[in-house]
Amino acid sequence: MLNETVPFDPAQDLPLLSASGALDGNVAQFAQPRGPDLLRRGAALDAWCALRARHGVWPCARVLEGPPEPRATVGDGGAAAARGINFASQDYLSLAAHPAIADAALRALGEAGPHSAGSAVLLGNTRYSLQLEQALAELLGLSQVVLFPTGWAAAFGAITALVHGADYVVIDQLANASLRQGAAAATRNVLAHRHLDCDHVRELLAGIRARDSANAILVVTEGLFSMDADSPDLPLLQHVCREYGATLLVDVAHDLGAMGPGGLGVIGAQRMQGRIDVVLGAFSRTFAANGGFVACAERPARRQLQLYAGPHMFSDALSPVQAAVVLESLRIVASSEGDGLRADLMRNAVELRALLAECGLRCLGEPSPIVPVWMGTEAAARIAGMLLARDAVFVNPVEYPGAPLGAARLRLQLMANHTPAQVRRAARLLGAAATRAGAGVGAGAGPGPG
Ligand SMILES: Cc1ncc(COP(=O)(O)O)c(C=O)c1O
């Protein structure tokens, strides 16, 4: 076990860490344990997590003590808590700390109490949730909106409600687990297409239509990919879908509100407002609350979502406090204040990426609230994440299966309220940590993500 108070010396400490086994293995390896004892057959997983935790390379389930702000106090569940710079929380426009959001939450709490106390199809709707549906419909230019308790629930619920066993899902190979799991639960006919590759989508759609014109096809992608910070060509993708009678669904969890003109995200930047078949989002990145939504222009689809999406029908609706917070966030997002916050956020992203490039590090994708920094090996990502945590800079190391094998990275999520000084300090420490961790730095190092 390494001594956290002693500086990390790669020559001495790397061999020790390697020999411990804490740099080996991945979560996927333990996913299907065998044996009759359902509750104990995860023992190997448990031992592997504990080994990594003992050696400081287990970044999961850390504890935020206080609000998710650029400076935050982070503990590991034990006694040790450190105050440092936080790039591991998702609050892109820093709305969680906005006084108007706190006011909106308190007002709703006073007026309607703390929870919805029912599914939206029973008595779970509130005046806040109805206003929220309306506000989202106006922002997106899509009249039919259904709310969900989380973004994950919206993704899983939308796909399982709309698609059935005889239909097809064509999905970007790097799409979020919520979308992939929804697709797998809806039909066996799931085809993954190469990341962002519209020609491949066209090829798959042509293949399906050559043998089946009777059933539906849902094409699934994201506005801003959460581990890669890149975006598809939405006009082209929507055009290809129309050509083959397929329906396009775009998950805008990471870009809506935080990017694009008026906060319209990648859809706004690509002038596709009101022109995407189905838009799906999460409130948890920019709108200071848990929750999600699905929007489209067709009332029959809305009915299907309401009555067949399990997480809408069989789960209690957003609380009035959550709905009021998202409503107030939407107001700020659409205002000139929102424009200013997005400009601050983008300034931070551009600055951080430039500073990291000066350190010889490679950032994936394009400037956005997500800055994925290429590490290459899982071991390098684990060590760099640990070293940064020792320096009180909190980031999320992402490794297989969150990213392809050998394409590990550190994911930094920026906020509008990160200061230039915090960005500069993080870049300097990250450069040093990556070098000591032996990360695959440099423009040509290692393959890009699959
Ligand atoms: C693209 C995408 N959609 C949906 C979700 C789930 O959102 P939530 O955390 O609000 O449940 C995530 C979470 O990682 C995501 O990245």
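Begin by selecting Ala120, Asn125, Ser129, Glu133, Leu147, Phe148, Pro149, His312, Ser315, Ala317 and Leu318, the residues that line the largest cavity. Two elements each give two or more residues to this lining, helix α4 (127-140) and strand β4 (144-148). The structure is a predicted model, and each stop below is read from its atoms.

**The cavity**

With these residues displayed, a surface drawn inside them encloses a volume of about 70 Å³. A search of the whole structure finds one cavity of 30 Å³ or more. Colouring the lining of the largest cavity by residue class gives six nonpolar, four polar and one charged.

**From the cavity wall to helix α10**

Keep Glu133 selected and add Arg302. Glutamate 133 forms a salt bridge with arginine 302, and their closest N and O atoms are 3.2 Å apart. Glutamate 133 lies in helix α4 and arginine 302 in helix α10 (299-308), so the pair ties together parts that are 169 residues apart in sequence. Glutamate 133 has a relative accessibility of 13% and therefore counts as buried, the cut-off for that class being under 20%.

**The largest pocket**

Next, select Met227, Pro397, Val398, Gly402 and Arg411. Of the 41 residues that line the largest pocket, these are the closest to its centre. The volume of the largest pocket is about 1,100 Å³. To follow its wall, display β1 (63-65), α6 (177-186), β13 (396-398) and β14 (408-413), the elements that give two or more residues to the lining. By class, the lining of the largest pocket holds 23 nonpolar, 10 polar and eight charged residues.

Now colour domain 1 (59-89 + 337-437) and domain 2 (99-334) separately. Both domains give residues to the lining of the largest pocket, so the pocket lies between them.

**A salt bridge from strand β14**

Stay with β14 and select Arg409 together with Asp228. The side chains of arginine 409 and aspartate 228 meet in a salt bridge, at 3.0 Å from N to O. Arginine 409 lies in strand β14, whereas aspartate 228 is in the loop between β7 (217-222) and α8 (234-243), so the pair ties together parts that are 181 residues apart in sequence. Are arginine 409 and aspartate 228 buried or exposed? Both residues are buried.

**The second largest pocket**

Move to Glu4, Gly56, Arg62, Asp76 and Ala389. Among the 31 residues that line the second largest pocket, these lie nearest its centre. About 720 Å³ of space lies in this pocket. Display α2 (43-54), β2 (71-75), β3 (81-86) and α14 (378-390), each of which supplies at least two residues of the lining. Which element gives the most to the lining of the second largest pocket? That element is α14, with six residues. The lining of the second largest pocket has 19 nonpolar, four polar and eight charged residues.

**Salt bridges within a helix and in a network**

The search of the whole structure finds 11 salt bridges. For one of them, select Asp344 and Arg347, whose side chains meet at 3.6 Å from N to O. Both residues lie in helix α13 (336-358), three residues apart, about one turn of the helix. Aspartate 344 is partly exposed, with a relative accessible area of 28%. Arginine 347 is also partly exposed, with a relative accessible area of 39%. Then select Arg52, Arg382 and Glu399, which are joined into one network by salt bridges that share partners.

**The cysteines**

Finally, display the cysteine sulfur atoms. How many disulfides are there? The count comes to zero. Cysteine 60 is in no disulfide, and the nearest cysteine sulfur, that of cysteine 49, is 7.4 Å away; for comparison, a disulfide requires the two sulfur atoms to be within 2.5 Å. Cysteine 60 counts as partly exposed at 40% relative accessibility.

Select Cys296 and Cys241 for the last distance. The sulfur of cysteine 296 is 15 Å from the closest cysteine sulfur, which belongs to cysteine 241, and this is too far for a bond. Cysteine 296 counts as buried, at 4% relative accessibility.

Methods:
Residues numbered from 1 in each chain as written. Predicted model: local features only at pLDDT ≥ 70, side-chain atom pairs only at ≥ 80, totals over all residues. Heavy atoms only, no water. 1 Å grid on protein atoms, 1.4 Å probe; cavity = no way out; pocket = protein on both sides within 12 Å on 5 of 7 lines; lining within 4 Å. Points joined across faces, edges and corners; volume = space filled by probe spheres on them. Helix = DSSP H or I, 4+ residues; strand = E, 2+ residues; numbered from the N terminus. Nonpolar A, V, L, I, M, F, W, Y, C, P; charged D, E, K, R; others polar. Domains from an automatic or database assignment. Salt bridge = Lys/Arg side-chain N within 4 Å of Asp/Glu carboxyl O. Buried < 20%, exposed > 50% of the residue type's maximum accessible area, 1.4 Å probe, protein only.
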